[in-house]
Amino acid sequence: MTVPFSLLGLSKDAAAYTVELADLVIRVWSTEALAGGTNSQLAATVFYLHCSSARICRASRLMSDPRKLLRHVTPAHLYHRRSLPGIKLLVVNSPILRSLPARAQPLPLNFIASSLSSDIPAEDFLPEHAECWPGDRLVDMFPDSIIFHTSHPKKSSNLFNQWLEQFRDGLSLLCNDDTVLYAFSDGSVLPDKRNRVAAAYRAYRGQQELSRKSISCGRTTSYDAELQGLSLALHYLTSQDATAIYLFCDNESALTSLFDTRLHASQMLSVLACRKARAWLEADPNRTIHPSWCPGHADIEQNEQVDVDAKTAATTTPPIAFISHAYARQQVTAEATKEWQLLAHQMSYCGHGFLANHRLRKVSHIGGGPTLTLTGTDTSLTARFARAVLDHAPTGEYRTRFFPNENPLCNWCPPIQSRRHILSTCIHYVRPRPNFEEFLKNSAEPGPSLVSFLKANPSAFTFTDVPDDDIF
Ligand SMILES: [Zn+2]
């Protein structure tokens, strides 16, 4: 059977497809995993099959073997996902699945976090909520009513001051227009006070302040708090009558994810914000919502005030017990990194030959860490770097330990060819300074110095320079 499918023209990330099987239209999308770290490899991929209710009988017959159906409807480049053990199939709108789970299954992080002594996240996610269905999302249904004002020149750019003047002019127009509502929101984190976090907003109509509120966010990240502030402001403003709502915030990523219901940190806030915004926009087709970036610390009075509100609330509002997923992930990552860092200082972990400079023992899970970023994608250089640092290299010294019958002597000088000899005294190599090994041990930047030595001496720590057996 040939199954034609067409890309819906929705976000590529959502991997949404319409599949036509005879007269049955099925919508398929993947919710994706929460990206990043160890999380993504553990998270299940979820496919949703969306059928119109009129076609349910036909769908039910096909759904007798969901995996078979998935074979028909999965575009070729998504085939690999079928083999994932976590695949889950849902037919949205069918009588069987009308009672969709109210909340998602606990994420893998919840299980990881529960094994730690620290905190267990309490955040729920709603990837199956109606606000998440491709084609029916708020941004799909109201493309002309939600207008983002997030592009701006960099603060360091010459154009920024000109942009700021225009921003101030636009703001003063809002202050003189009683048909428009606007709010400034902010989030604040006090890491030195056990990560106390608060969010705040102030809402206005014209010159008049209508409402202000500050809340404790529990233990969350600043991104969570910014989204919380925006969400609070939107909830208040959508209870009022106006032609337009302007939401100002100095965090761009929070602004852009406010109406993005795909899985992300604090996704439920986006789902709730979409519900509020949808009802408000549906009530009058002329209404618009404008999420707008506002520069922080640029002497914009309302923004400075709400900044103080959030900071004050973080200090004074009693903390709540809530722990966000993003915060828990930070903690899990921090604990794992700490444990790894401790290991990195143990000889049993790093080996007896590890070059004695603690700066080479810094570990990081991001982008190869401080060491591997130095060698980039050059595998040969990376291998030689590792051999030099670990003293696990094809040298005469290595032979004395493992191949005592083979020649350990340098091809160019009298002594045994050791790491120290290669780095500090061997006449075969060029080096930026004498006694280079001692320099590396005491250097504040041993990595870049070693890399430049290896680049200047491309045969160092390779089998090319291994002691010649013929002369032994
Ligand atoms: Zn030599």
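Leaving aside its neighbours within four places in sequence, with which residues is Ser211 in contact?

**View 1. Surroundings of Ser211 in strand S8 of the predicted model.** Apart from neighbours within four places in sequence, Ser211 is in contact with Ala203 and Tyr236. Ser211 has 16 other C-beta atoms within 10 Å; a residue counts as buried at 20 or more and as exposed at 12 or fewer, so Ser211 is partly exposed. Tyr201 is 10 residues away from Ser211 along the chain, and the C-alpha atoms of the two are separated by 8.1 Å.

**View 2. The open sheet of 5 strands.** The strands follow the order S8-S7-S6-S9-S10, and their pairing is mixed. S8 and S10 (288–293) are the edge strands, each pairing on one side only. From one strand to the next, the twist averages 15°. Between S7 and S8 the pairing is antiparallel, over 9 bridges. Ala200 stands opposite Ser214 in S8.

**View 3. Helix H11 (residues 301–316) and its two faces.** H11 has 16 residues, which at 1.5 Å a residue should span 22 Å; the C-alpha atoms at its ends are 22 Å apart, so the two values agree. Which residues of H11 are buried? They are Asn303, Val306, Asp309, Ala310, Ala313 and Ala314. These residues lie on the same side of H11 because they cover an arc of only 130° around the axis. Glu301, Thr315 and Thr316 are exposed residues on the face turned away from the buried side. The buried residues pack against strands S6 (180–190), S7 (196–205), S8 (208–218) and S9 (244–249), and against helix H8 (222–237).

**View 4. The largest nonpolar core, with 55 residues.** In soluble globular proteins, nonpolar side chains tend to be buried together. The members that touch the most other members of this core are Ala183, Ala198, Leu230, Ala233, Leu247 and Ala277. Two or more residues come from each of S6, S7, H8, S9, H9 (252–257), H10 (267–282), H11 and H12 (325–344). H8 gives the most to this core, with 9 residues.

**View 5. Contacts of Ala198.** Neighbours within four places in sequence are left aside here. Ala198 is in contact with Ser188, Ser214, Ile215, Ser216, Cys217 and Ala225. Its other contacts are Ala310, Ala313, Ala314 and Thr317. Of these, Ala310, Ala313 and Ala314 are among the buried residues of H11.

**View 6. A second, separate core.** This core has 18 residues, including Cys410, Ile422, Leu450 and Phe461.

Methods:
Residues are numbered from 1 along each chain as its sequence is written. This is a predicted model: local features need pLDDT of at least 70, side-chain atom pairs count only at pLDDT 80 or more; totals for chains, interfaces and linings use all residues. Helices (H or I, at least four residues) and strands (E, at least two) are DSSP runs, numbered from the N terminus. The expected span of a helix is 1.5 Å times one less than its number of residues. The arc is that of the directions from the helix axis to the C-beta atoms. Two residues are in contact if their C-beta atoms, placed from the backbone, lie within 7 Å. A nonpolar core is a set of buried Ala, Val, Leu, Ile, Met, Phe, Trp, Tyr and Cys residues joined through C-beta atoms within 7 Å. Two strands pair if DSSP finds at least two bridges between them. Axes are lines fitted to C-alpha atoms, for helices over the stretch in contact, and angles run from 0 to 180 degrees between N-to-C directions.
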